[in-house]
Amino acid sequence: LLKDPKFNENGSLVEDLFKTRLVSLNSDLNIIDPFELKTYLFQEFWLSYEAKVLEFEICQTGLIRSFERTVILYYIDIAWKEHLQKISLLRDAVGWRSYGQRNPLFEFKEEAYNLFQNRNTIIRHLLIRDFLHSFIL
């Protein structure tokens, strides 16, 4: 995160996610302790999450859980469809690796696992972003 050029632009990436102005990050980013930064960002996220829960609960009790469930199912459905397409393409591509003296089964297992892990990370990021950017009409 500290090496991300968007983060260096006065923390614009973080401020865009939380939709709030954070503590000034104009100081030298090399002296920031990664653990402290992680703790600070988690606290900011948790405050934003609690504010969003209260915003939804003021309108209707139980609305937030219904919204979370809907968004989670939506993104899992989309990600799973994409994952199955990628696995199909991977199955075709791995067959060619046997010509390079590689074990196709091992290659398939390794890359399929990496795809699965990436899918989980992407789902998590999309859920957090959509939840924090949501509002009631």
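Buried here means under 20% relative accessible area, exposed means over 50%, and partly exposed is whatever falls in between, using a 1.4 Å probe and protein chains only. Thr70 is a handy case: with a relative accessible area of 49%, Thr70 counts as partly exposed. Everything below comes from a predicted model, where local features need pLDDT of at least 70 and side-chain atom pairs count only at pLDDT 80 or more, while totals for chains, interfaces and linings use all residues. Residues are numbered from 1 along each chain as its sequence is written, and side-chain values use heavy atoms, with hydrogens and water left out.

On the overall picture, the protein has five helices and zero strands, giving the pattern α-α-α-α-α along the sequence. Helices (H or I, at least four residues) and strands (E, at least two) are DSSP runs, numbered from the N terminus. Of the 137 residues, 26% are buried. Contact means heavy atoms within 4.5 Å. Among contacts with a separation of 6 or more, 58% come from residues 24 or more positions apart.

Three of the helices can be checked for length. The expected span of a helix is 1.5 Å times one less than its number of residues. H3, with 26 residues, should span 38 Å, and its end C-alpha atoms are indeed 38 Å apart. For the 32 residues of H4 the expected span is 46 Å, and the end C-alpha atoms are 46 Å apart, which agrees. H5 has 30 residues and should span 44 Å; its end C-alpha atoms sit 43 Å apart, which also agrees.

Next comes the packing of H3 on H4. Two packed helices are described by the angle between their axes and the distance between the axes. Axes are lines fitted to C-alpha atoms, for helices over the stretch in contact, and angles run from 0 to 180 degrees between N-to-C directions. H3 (residues 34–59) and H4 (residues 63–94) pack at about 115 degrees, with their axes 8 Å apart. On the H3 side the contact is made by Tyr49, Lys52, Val53, Phe56, Glu57 and Cys59, and H4 supplies Leu63, Ile64, Arg65, Phe67 and Glu68. These residues divide into seven nonpolar, no polar and four charged. In that count, Ala, Val, Leu, Ile, Met, Phe, Trp, Tyr, Cys and Pro are nonpolar, Asp, Glu, Lys and Arg are charged, and the others, Gly among them, are polar.

The buried residues of H3 include Tyr49, Lys52, Val53 and Phe56. In H4, the buried set includes Ile64 and Glu68, along with Val71, Tyr75 and Ala79. What covers the buried residues of H4 includes H3 and H5. H5 has its own buried residues, among them Glu107, Arg119 and Phe131.

Five salt bridges turn up in a search of the whole structure. A salt bridge is a side-chain nitrogen of Lys or Arg within 4 Å of a carboxyl oxygen of Asp or Glu. In H3, Glu55 pairs with Lys52, the closest N and O atoms being 3.7 Å apart. The two are three residues apart in the helix, so about one helical turn separates them. Glu55 is partly exposed at 33% relative accessible area, whereas Lys52 is buried at 10%. H4 has a salt bridge between Lys81 and Asp77, with the closest N and O atoms 3.3 Å apart. Lys81 and Asp77 are four residues apart, again about one helical turn, and Asp77 is partly exposed at 38%. Glu107 and Arg102 also meet in a salt bridge, at 3.9 Å from N to O. Glu107 is buried at 12%, while Arg102 is partly exposed at 48%.

Some polar contacts round out the picture. A polar contact is a pair of N or O atoms within 3.5 Å; within protein, one must be able to donate a hydrogen and the other to accept it, and residues adjacent in sequence count only if both atoms are side-chain atoms. Asn103 caps the N-terminal end of H5, with a side-chain oxygen 3.2 Å from the backbone nitrogen of Leu105. Thr70, located in H4, reaches the backbone oxygen of Ser66 with its side chain at 2.9 Å. Ser134 lies in the segment after H5 (104–133) and is buried at 10% relative accessible area. The side chain of Ser134 reaches the backbone oxygen of Phe131 at 2.7 Å. Leaving aside residues up to four places away in sequence, Ser134 touches Lys52, Phe56 and Phe67.
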